[in-house]
Amino acid sequence: MKIAVIGASGFIGYQVTKEALRKGHQVVGIFRRNAIPLEPNLELKKLTIFDEDIFKDAIKDSDVLIGCYNPGYYHVAQKERYLEGYSLIIKLAKELKKKLIIVIGATSLIQYDGELVKDGLVYPKPWIKALEGVDLVYQQFKNQTDNLLTFVSPPAEVFDGTLTKKYKYGKDHLLYDRDERSRISVQDLAHAIIQEAEENKYLNQRFTVAYQD
Ligand SMILES: NC(=O)c1ccc[n+]([C@@H]2O[C@H](COP(=O)([O-])OP(=O)(O)OC[C@H]3O[C@@H](n4cnc5c(N)ncnc54)[C@H](OP(=O)(O)O)[C@@H]3O)[C@@H](O)[C@H]2O)c1
């Protein structure tokens, strides 16, 4: 399969790129500034997604698009740029009739007391605008069924660890392990994302993955 990773140089996008290559897929890695090492089956495209025609041309031959775009937590208009970026990615996926998996945040997941994550946590200031953008994208597009769209909400903590494949799936609730930590390694998150690209289990739905042992 040919997979376009939008934001291939980012924290999550780089691991998604590596996992897709590990599984034998061809990858089109879209990045803006920070190139990643070239490997067999990886084609790199340095561009901004806001040059719509160039971006569309770069993704048009891929079977699946994976959205790991993030304007940056310190972008002056983080919230607006996040919404603008994902609105464009969703529009192009629809025009090209491509399956699209978007990695959003945990903020719209429900905690065990019924409260939304975003209402129960205190975030560092630069994150607040970013997280508002994440929520806007999810609220605006979660009920659209005319797209081939899947949202992935990681748990509260995504850390650089190892691939264990020992995570569990959930839908709208934040998952916790036995020690009440809500977490997953970025390598396992990437594994679940590529699995979804291959299996289409959560078309027009959102899922989450986290450790439960
Ligand atoms: N990090 C986490 O712990 C975490 C947790 C939960 C959810 N998420 C979600 O996961 C997604 C990815 O987050 P991340 O932390 O991996 O982001 P990140 O590390 O900041 O990476 C963002 C990626 O987007 C690219 N990019 C930014 N603006 C672009 C543009 N105009 N055109 C083309 N590419 C552009 C960047 O390219 P350059 O680097 O080359 O500029 C980079 O590859 C976001 O939706 C975020 O909300 C992240």
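This is a guided tour of a predicted model, with a suggestion at each stop of what to select and a description of what is found there.

**The ligand and its surroundings**

Begin by selecting the ligand, and then display the residues around it, of which there are 26; those that come nearest are Ser9, Arg33, Asn34, Tyr82 and Val103. Keep the backbone visible at this stop, since an oxygen atom of the ligand lies 2.7 Å from a polar backbone atom of Arg33, and a backbone N or O atom of Asn34 is 2.8 Å from an oxygen atom of the ligand. Add Ile49 to the selection as well, where a polar backbone atom is 3.0 Å from a nitrogen atom of the ligand. Taken alone, the ligand would expose 910 Å², and the protein buries 87% of that area.

If you now show the surface of the protein, the space that the ligand takes is the largest pocket. Colour the helices next, and look for α1 (11-22) and α3 (78-96), which are the elements that give two or more residues to the shell around the ligand. What is the chemical character of that shell, in terms of nonpolar, polar and charged residues? Its residues divide into 17 nonpolar, seven polar and two charged.

**Into helix α1 and strand β2**

Stay with helix α1 and select Gly13, which lies in that helix. Gly13 has a relative accessible area of 1% and is therefore buried, the cut-off being under 20%. From here, draw a distance to Asn70: the two residues are 57 residues apart along the chain, and their C-alpha atoms are separated by 9.9 Å.

Move on to Phe31, whose place is in strand β2, a strand that spans residues 26-31. Phe31 counts as buried, because its relative accessibility is 8%. A line drawn from Phe31 to Lys2 covers 17 Å in space from C-alpha to C-alpha, for a pair that is 29 residues apart in sequence.

**Two residues with positive phi**

Follow the chain out of β2 and select Asn41, in the loop between β2 (26-31) and β3 (42-46). The backbone deserves a look here, as Asn41 has a positive phi of about 70° although it is not a glycine. Is Asn41 buried, partly exposed or exposed? With a relative accessibility of 47%, Asn41 counts as partly exposed.

A second residue of this kind is Lys97, a residue other than glycine with a positive phi near 60°. To find Lys97, select the loop between α3 and β5. Lys97 has a relative accessible area of 68%, and so it is exposed, the limit for that class being over 50%.

**Asp57 in helix α2**

Next select Asp57, which is found in helix α2 (residues 52-59). Asp57 is partly exposed, with a relative accessible area of 46%. Show its side chain together with that of Lys60, and you will find a polar contact of 3.0 Å between the two. For a view across the model, add Leu109, which is 52 residues from Asp57 in sequence and 34 Å from it in space, C-alpha to C-alpha.

**The loop after β5**

Now select the loop between β5 (99-103) and α4 (117-120), and within it pick out Thr107. Thr107 is buried, since its relative accessible area is 1%. Which residue does the side chain of Thr107 contact? The partner is the side chain of Asp135, in a polar contact of 2.9 Å.

Ser108 is found in the loop between β5 and α4 too, and at 9% relative accessibility Ser108 also counts as buried. With the side chains of Ser108 and Arg206 displayed, a polar contact of 3.1 Å can be drawn between them.

**Last stop: Gln144**

Finish at Gln144, in the loop between α5 (125-141) and β6 (148-153). Gln144 is partly exposed, with a relative accessible area of 25%. Select Gln205 alongside Gln144 to see a pair that is 61 residues apart along the chain, with C-alpha atoms separated by 9.6 Å.

Technical notes
Residues are numbered from 1 along each chain as its sequence is written. This is a predicted model: local features need pLDDT of at least 70, side-chain atom pairs count only at pLDDT 80 or more; totals for chains, interfaces and linings use all residues. Side-chain values use heavy atoms; hydrogens and water are left out. A residue is near a molecule or strand if one of its heavy atoms lies within 4 Å of it. A polar contact is a pair of N or O atoms within 3.5 Å; within protein, one must be able to donate a hydrogen and the other to accept it, and residues adjacent in sequence count only if both atoms are side-chain atoms. Accessible areas come from the Shrake-Rupley method with a 1.4 Å probe; for residues, only the protein chains shown count as cover. On a 1 Å grid over the protein atoms alone, a cavity is a set of points where a 1.4 Å probe fits but cannot get out, and a pocket is an open set with protein on both sides within 12 Å along at least five of seven lines; lining residues have an atom within 4 Å of a point. A molecule sits in a cavity or pocket if more than half of its atoms lie within 2 Å of its grid points. Helices (H or I, at least four residues) and strands (E, at least two) are DSSP runs, numbered from the N terminus. Ala, Val, Leu, Ile, Met, Phe, Trp, Tyr, Cys and Pro count as nonpolar, Asp, Glu, Lys and Arg as charged, and the others, Gly among them, as polar. Buried means under 20% relative accessible area, exposed over 50%, partly exposed in between (1.4 Å probe, protein chains only).
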